[in-house]
Each structure stands twice: as structure tokens, then as C-alpha cells.
Amino acid sequence: MSDTQQLDQLVAACHWIGAKGWAPATGGNMSVRQDEHFCLLSESGKDKGGLTRDDFIQVEIASNLAPSGRKPSAETALHTLIYRLFPEAGAVLHTHTVNATVLSRVEEGAALLLYGYEMQKSLTGQHTHEDTVAIPVFDNSQDIAALASEIEDYAARFPLRYGFLLRGHGLTCWGENVNEARRHLEGLEFLFECERQRRLLESK
Ligand SMILES: CSC[C@@H](O)[C@@H](O)C(=O)COP(=O)(O)O
Ligand SMILES: [Zn+2]
């Protein structure tokens with residue numbers, strides 16, 4: 001698929017995310033890989049539900065630098081980390097949903113454990129509700145370089161698949177292309193909603 005087609009799919013995904021209310025008030029950021037060395041990342045501070053092709057900025061994956069001099073997302077280093085860690089990753093979506101924000105605060109452990117849900121199979125490679133999907137939760141930080149380094153250390157020691165949560169902040173997830181990243185986002189968000197409801201009901 002050409003760069004333009006991938007970017008058009010990403011723009012459509014951004015509009016879908018916006019319509020779902022998953023990137024309120026300029027929250028969230030999105031990117032697609034161009035090749036081994038470069039990705040296209042959303043410009044910082046924009047309403048992500050209304051992005052057009054021109055709102056994506058080329059960024060060098062190794063350096064986080066934008067040759068154009070324009071300002072990509074404040075969370076650029078988290079996108080480029082995923083592209084460096086996973087050569088097969090082709091798109092990264094970061095959203096600020098209520099479920100991800102609340103659950104990541106309520107969860108006191110280092111990971112949100114999802115099990116017992118048929119919808120786990122929306123995640124590539126998951127074949128049964130009887131397995132456990134672990135989505136790590138990292139404490140939020142405004143020091144994105146430090147956060148990226150913490151996540152890189154984690155990935156060197158533990159499996160990291162589908163996405164991670166930042167506590168009180170949101171979800172970053174990925175896939176081999178925009179469609180897969182979108183499916184992972186929708187699947188995880190559904191699972192987060194179920195988990196939030198389950199915990200609420202079981203606490204009564
Ligand atoms: C509404 S402020 C949210 C930002 O601090 C950040 O978390 C975010 O997701 C968007 O930052 P951006 O620089 O526009 O990509
Ligand atoms: Zn964010």
C-alpha cells in the first residue's frame with residue numbers, strides 16, 4: 001500500500017476516534033510508519049478528530065527530529081520507540097478515553113490483566129477467552145524521554161504486545177497497519193469498558 005493510502009487510512013481512523021470521543025480537547029496522537037527510518041506523526045496541539053493529510057509531519061525514527069522543523073506530537077518519543085522496538089509495527093494510536101484514564105488509576109498493579117472475555121480474540125494472536133492478556137500500566141510523566149526509556153527497559157524484560165496504559169492518561173496501541181491498530185484500539189477499549197463495569201458491580 002502506498003504512503004498516501006496509509007495516510008488516508010490514518011486520517012479516517014483519526015476522524016473515527018474523534019467521533020467516538022476518544023481524543024477530546026486535542027488529546028491523543030497518531031502515526032503511521034513510512035519505512036525503516038521515517039514515520040508520519042500528528043502535529044502537536046491539534047484537534048485529532050479533524051486532522052487532514054497536511055497535519056502529519058515526517059519524523060526520523062532514530063532521532064525524533066522533524067526535517068521540516070514543524071512540531072510533531074509532544075509524545076513523539078513513544079511512537080518512535082514502538083517503531084524501533086517492533087519492526088513489524090506500521091501504525092500507532094494514542095487515545096484519551098474515560099475507560100483507559102479511570103482503569104489505569106484504579107489498577108494498582110503493574111499491568112491490567114484481561115481474562116474471561118471472548119473479545120480478547122479481537123487482538124491478533126489471541127484465540128481463547130481462557131488466556132490472559134496483560135496490558136502494562138506505567139506511571140504517567142511529563143518527561144516523555146524518561147517514560148520511553150522506562151518502557152524500553154520493560155520491553156527488554158517482559159513481553160509487550162498490543163499496547164500500554166499511562167496512569168491517569170490513556171492508551172497507546174499499535175498494529176502492523178492502520179486497520180490492525182484500529183482493531184486493537186476498539187477491542188481494548190471494549191475490554192476496558194467491560195472491566196470497568198465488572199469492577200464497579202463487584203465492589204457493590
Ligand atoms: C489535552 S493535553 C494532552 C497532551 O498533553 C498529550 O497527552 C496528548 O495526548 C496530545 O499531545 P500532542 O502534542 O497534541 O500530541
Ligand atoms: Zn496523551
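The following exercises, each with a worked solution, concern a predicted model.

Local features here require pLDDT of at least 70 and side-chain atom pairs pLDDT 80 or more, while totals for chains, interfaces and linings use all residues. Residues are numbered from 1 along each chain as its sequence is written, chains are lettered from A and ligands numbered from 1 in the order in which they are written, and side-chain values use heavy atoms, with hydrogens and water left out.

**Exercise 1.** Determine which residues come nearest to ligand 1 and which polar contacts ligand 1 has.

*Solution.* Step 1: a residue is near a molecule if one of its heavy atoms lies within 4 Å of it. Around ligand 1 there are 14 residues, and Ser44, Gly45, Lys48, Ser73 and Glu75 come nearest.

Step 2: a polar contact is a pair of N or O atoms within 3.5 Å. A backbone N or O atom of Ala74 lies 2.8 Å from an oxygen atom of ligand 1. Polar side-chain atoms also lie at such distances from a ligand oxygen: 2.9 Å for His96 and 3.4 Å for His94.

Step 3: the protein covers 74% of the 420 Å² of accessible area that ligand 1 has on its own (Shrake-Rupley method, 1.4 Å probe).

**Exercise 2.** Locate the salt bridge of Glu43 and state whether each partner is buried or partly exposed.

*Solution.* Step 1: a salt bridge is a side-chain nitrogen of Lys or Arg within 4 Å of a carboxyl oxygen of Asp or Glu. By this rule the model contains 14 salt bridges. In one of them, the side chains of Glu43 and Arg70 meet at 3.0 Å, N to O.

Step 2: the pair links distant parts of the chain, 27 residues apart. Glu43 is in the loop between strand S2 (38-42) and strand S3 (56-60), and Arg70 in the loop between S3 and helix H2 (76-85). Helices (H or I, at least four residues) and strands (E, at least two) are DSSP runs, numbered from the N terminus.

Step 3: buried means under 20% relative accessible area, exposed over 50%, and partly exposed in between (1.4 Å probe, protein chains only). Glu43 is therefore buried, at 17%, whereas Arg70, at 33%, is partly exposed.

**Exercise 3.** Describe the salt bridge between Arg198 and Glu195 and its setting.

*Solution.* Step 1: the closest N and O atoms of Arg198 and Glu195 are 2.6 Å apart.

Step 2: both residues lie in helix H5 (residues 178-202), three residues apart, about one turn of the helix.

Step 3: Glu195 is buried at 2% relative accessibility, and Arg198 is partly exposed at 29%.

Step 4: Arg198 and Glu195 belong to a network of salt bridges that also links Glu107, Arg199 and Glu202.

Notes. A polar contact is a pair of N or O atoms within 3.5 Å; within protein, one must be able to donate a hydrogen and the other to accept it, and residues adjacent in sequence count only if both atoms are side-chain atoms.
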